[in-house]
Amino acid sequence: MDLTFSPQETAFRDELRGWLAANPPEPEPADGGEDAQFTRRRDWQRRLYDAGWAAPAWPTEYGGRGATPTESAIYFEEIGRARVPFAANTLGLLLGGPTLMVWGTPEQKERYLPPILSAEEIWCQGFSEPDAGSDLAALKTRAVKDGEDWVVTGQKVWTSGAQYSKWCMLVARTDSEVAKHKGLTYFLMDMEQDAVQVRPLRQITGEAEFNELFIEEARISDANVVGGVGNGWKVALTTLMNERAGLGFALQIRLRQLLDDLIASAAERGLLDDPLYADALAELHVRCESIRLLAWKGLTDTERYGQPGPEGSLVKWLWSDTNQRLTQLAVDIVGPDALTVGESWSYELLRARGNTIEGGTTEVLKNIIAERVLGLPRLKVSA
Amino acid sequence: MDFGLTDDQREIQRTARELLLERAKPERVREHAESARMDSELWRELCELGWPGIAVAEEHGGQGLGCIELSILCEELGRSLAPVPFLPSAMAAAVIEHGGSPEQRERWLPSLASGETIGALGTAVDGISELVVGGADAQVIVLVEDDGSARVLSCDDAEVTPLASIDPTRSAARVSAQDSGEALADGCAGLGRALVAVSSELVGVCERALEMTVAYVKERKQFGVPVGAYQAVSHRCAQMLLETEKARSTAAFAAWTADADPARLAEAAAMAKASASEAGREVTAGAIQAHGGIGFTWEADVHWLYKRAQLDAVLLGGAKRHRARLAAILAEQLGASATA
Ligand SMILES: Cc1cc2nc3c(=O)[nH]c(=O)nc-3n(C[C@H](O)[C@H](O)[C@H](O)COP(=O)(O)OP(=O)(O)OC[C@H]3O[C@@H](n4cnc5c(N)ncnc54)[C@H](O)[C@@H]3O)c2cc1C
């Protein structure tokens with residue numbers, strides 16, 4: 001065991017840190033509208049791109065740096081630590097690109113990867129449906145072959161960035177005669193067509209970070225099938241695996257920063273040596289450190305065995321639960337003023353409610369841990 | 001020992017529930033919440049029925065009923081989330097009635113009891129309040145300081161800055177009043193009743209959250225079965241029931257104590273508020289979780305319950321502070337019995 005970075009990893013970190021310090025993003029626009037926010041993130045990605053920092057984990061042949069998993073984790077930690085925005089095309093960089101690298105044809109890679117990296121074409125994810133959340137494979141959006149095209153009809157939900165997107169990673173049912181996992185196909189759908197309507201989905205926080213997609217006979221060229229007809233579930237799993245991997249490190253640093261803010265607030269109010277709060281804060285500190293350590297340990301497994309173990313579910317579970325506890329404790333420490341609209345704690349508190357639902361609910365994660373890590377028998381339910 | 005309500009109390013509960021089912025439908029609550037306005041029409045109706053004065057003595061223009069009747073109305077209003085300033089006003093009235101001078105009672109209670117005047121009760125440090133629930137609609141505000149002293153002020157004597165809280169079914173404000181207002185003779189005397197009122201409202205919020213959740217998880221299917229069949233979900237619902245009943249029984253005890261055994265009110269109220277604050281947070285969070293992604297959307301109504309519970313849970317101190325008070329009370333009792 002050696003819990004330090006190698007000289008090469010340290011050099012990678014220092015180079016990035018130096019670059020981030022020398023190249024801060026534009027300040028947040030004063031009128032803070034959604035479009036202005038998006039433009040800022042697009043500009044930011046362009047600057048990352050020009051400096052070769054948009055996707056260091058991508059292989060050099062596709063414009064990345066061929067960074068190791070450890071370096072990639074360092075990258076996200078530093079992005080989180082510097083409190084810079086996420087790149088505009090995060091879904092393309094983290095999910096779409098890596099999925100194409102595994103499943104795409106040479107033509108698809110050549111056509112789609114460069115504009116993902118440069119933020120010329122934004123990507124979104126069309127997986128979840130109103131009736132297919134935890135049971136994603138039950139999705140009903142249907143694609144029917146018509147000449148050289150597929151014609152798609154259905155509804156998607158929780159599609160972030162859809163209003164800015166050119167391409168949607170869409171999973172649709174192409175065969176309803178076979179078992180539910182087997183009848184799915186993964187498409188790249190052009191969002192710029194009238195058959196695709198985007199409606200903002202307002203959340204508990206009042207903002208609309210996500211959208212619903214209403215798809216009414218949209219057309220997708222057969223050339224935009226990824227990984228073959230009927231193979232959509234496997235391709236989708238590649239996308240979902242990548243979802244877990246990268247962002248986690250940035251979120252874990254964000255949690256750490258929130259805890260530091262809270263500890264400072266408690267100290268200001270003289271509550272750090274009040275046992276009522278001291279114990280709870282110390283417990284949160286232990287949790288934050290455990291999350292960090294578990295995340296790094298998962299990475300060692302990835303580097304050694306090529307795959308993150310299902311233990312990755314532990315990190316997501318612990319992180320979401322800890323973020324909820326932390327933001328709730330903040331209300332106790334700061335008092336009712338923390339519940340004022342516009343106060344960052346009130347936003348964090350409400351947003352944290354989604355953490356135990358998005359990316360797989362805590363209940364479903366626990367099922368996965370029980371079945372795949374502990375080998376417990378599985379409850380048989382009908383398909 | 002009889003935990004049952006009297007016939008009259010049951011009648012109050014039944015009529016309140018029916019009225020609010022009719023007049024405070026979710027669409028109507030949402031409409032007012034989204035425009036951050038109180039429901040003046042409903043408030044007028046409740047005033048005509050004498051609700052704001054339910055627990056105010058008849059000599060001050062109220063109905064002269066007890067804390068149990070007050071808690072029944074709070075619970076029903078909590079269930080419905082009706083956008084009316086009942087709770088803040090009733091809390092202010094309780095504190096003035098039980099801790100104010102005869103002149104102060106004479107001055108404020110009749111119009112609080114009729115609903116003509118709206119009240120609010122908040123905590124403050126050196127005359128500057130924390131967020132006061134109902135503060136922006138109130139004409140009379142009582143501020144309680146950490147040392148237990150309290151002052152009553154007309155809104156004209158204070159600087160009232162409206163705030164938007166995450167729960168737009170009720171207004172909020174910061175009140176600052178360094179030297180104005182009049183001290184109450186006993187700032188703490190009515191606090192126990194105010195705590196019963198907010199705890200009872202939380203019980204109503206929990207009940208409704210649990211009902212909505214149970215109905216939803218019976219209907220919602222994933223993997224071909226209702227999600228309520230998964231023990232991860234059903235056990236959480238059972239836990240929500242446990243929290244709700246713990247809160248309900250302690251709130252009922254405290255409401256009874258207020259009139260029947262006032263010597264134990266401080267202890268009972270601390271217990272009730274500690275249980276209700278915790279239950280409010282846990283039960284409404286569980287409701288969102290069991291609804292899955294839908295529970296996180298603005299369209300689904302569970303988030304209003306979550307937000308009301310968040311405000312109520314810290315109102316007049318959260319679970320931690322009330323458990324600390326309880327521990328101090330227990331220590332006092334132990335000391336007293338040792339010296340006896
Ligand atoms: C903030 C947020 C962001 C999101 N972002 C995205 C996104 O980017 N892309 C995307 O595709 N989706 C996204 N989603 C959707 C998310 O993946 C689903 O909401 C989630 O998988 C749950 O599905 P559901 O909402 O249908 O809830 P349901 O599956 O209906 O769950 C309802 C309840 O039942 C429980 N449950 C369901 N099945 C089981 C089981 N087998 N055992 C035990 N309990 C069970 C759940 O845990 C939950 O408590 C997002 C959701 C949220 C809230």
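Start by selecting α4(B) and α7(B), whose axes come within 7 Å and cross at roughly 40°. You are looking at a predicted model, so please keep that in mind at every stop. At that angle, α4(B) and α7(B) are oblique to each other, and α4(B) passes α7(B) in a right-handed crossing.

Now show the side chains. On the α4(B) side, pick Cys67(B), Leu70(B), Ser71(B), Cys74(B), Glu75(B), Gly78(B), Arg79(B) and Ser80(B). The residues they meet in α7(B) include Arg193(B), Val196(B), Ala197(B), Ser200(B) and Glu201(B); further ones to add are Val203(B), Gly204(B), Val205(B), Glu207(B), Arg208(B) and Glu211(B). If you colour this contact by class, you should find seven nonpolar, five polar and seven charged residues.

**Next stop: the largest cavity**

Keep Cys67(B), Leu70(B) and Arg193(B) selected, as these three are also among the residues that line the largest cavity. To complete the lining, add Pro52(B), Ile54(B), Ala55(B), Val56(B), Ala90(B), Ala93(B), Ala94(B), Glu97(B) and His98(B). Two elements of chain B, α4 (67-80) and α5 (86-99), each give two or more residues to this lining. Which of them provides the largest share? That is α5(B), with five residues. The cavity itself has a volume of about 100 Å³, and its lining has nine nonpolar, one polar and two charged residues. In the whole structure there are five cavities of 30 Å³ or more.

**On to the second largest cavity**

For this one, begin with Pro336(A) from chain A. Then add Gly122(B), Thr123(B), Glu130(B), Leu131(B), Val132(B), Val314(B), Leu315(B), Leu316(B), Gly317(B) and Arg321(B) from chain B to finish the lining. The volume here is about 60 Å³. Six of the lining residues are nonpolar, three are polar and two are charged.

**The second largest pocket**

Leave Thr123(B), Glu130(B), Gly317(B) and Arg321(B) on screen and add Asp146(B): of the 40 residues that line the second largest pocket, these five lie nearest its centre. Which elements should you show around them? From chain A, take α8 (275-305) and α9 (312-334). From chain B, take β1 (119-125), β2 (128-129), β4 (140-145), α7 (191-219), α9 (265-291) and α11 (319-339). Each of these elements gives two or more residues to the lining, and α11(B) supplies the largest share, six residues. The pocket holds about 1,000 Å³ of space. Sorted by class, its lining has 22 nonpolar, eight polar and 10 charged residues.

**Following α8(A) to α7(A)**

Stay with α8(A) and bring in helix α7 of chain A, residues 247-268. The axes of α7(A) and α8(A) come within 10 Å and cross at roughly 165°, which makes α7(A) roughly antiparallel to α8(A). Their crossing is left-handed.

To see the contact, select these residues:

- From α7(A): Phe249(A), Gln252(A), Leu255(A), Arg256(A), Leu259(A), Leu262(A), Ile263(A) and Ala266(A).
- From α8(A): Leu281(A), Leu284(A), His285(A), Cys288(A), Glu289(A), Ile291(A), Arg292(A), Ala295(A), Trp296(A) and Leu299(A).

Coloured by class, this contact shows 13 nonpolar, two polar and three charged residues.

**Last stop: α9(A) and α10(A)**

Finally, go back to α9(A) and add helix α10 of chain A, residues 344-352. How do α9(A) and α10(A) pack? Their axes are 9 Å apart, at an angle of about 145°, and the crossing is left-handed. On α9(A), select Asn323(A), Gln324(A), Leu326(A), Thr327(A), Gln328(A), Ala330(A), Val331(A) and Val334(A). Across from them, α10(A) makes the contact with Trp345(A), Glu348(A), Leu349(A) and Ala352(A). The residues of this contact divide into seven nonpolar, four polar and one charged.

Note on methods: Residues are numbered from 1 along each chain as its sequence is written. Chains are lettered from A and ligands numbered from 1 in the order in which they are written. This is a predicted model: local features need pLDDT of at least 70, side-chain atom pairs count only at pLDDT 80 or more; totals for chains, interfaces and linings use all residues. Side-chain values use heavy atoms; hydrogens and water are left out. On a 1 Å grid over the protein atoms alone, a cavity is a set of points where a 1.4 Å probe fits but cannot get out, and a pocket is an open set with protein on both sides within 12 Å along at least five of seven lines; lining residues have an atom within 4 Å of a point. Grid points are joined across faces, edges and corners, and a volume is the space filled by probe spheres set on the points. Helices (H or I, at least four residues) and strands (E, at least two) are DSSP runs, numbered from the N terminus. Ala, Val, Leu, Ile, Met, Phe, Trp, Tyr, Cys and Pro count as nonpolar, Asp, Glu, Lys and Arg as charged, and the others, Gly among them, as polar. Axes are lines fitted to C-alpha atoms, for helices over the stretch in contact, and angles run from 0 to 180 degrees between N-to-C directions. Angles under 35 degrees count as roughly parallel, over 145 as roughly antiparallel, 65 to 115 as roughly perpendicular and the rest as oblique. A crossing is left-handed if the near helix is turned anticlockwise from the far one by less than a right angle, and right-handed if clockwise. Contact means heavy atoms within 4.5 Å.
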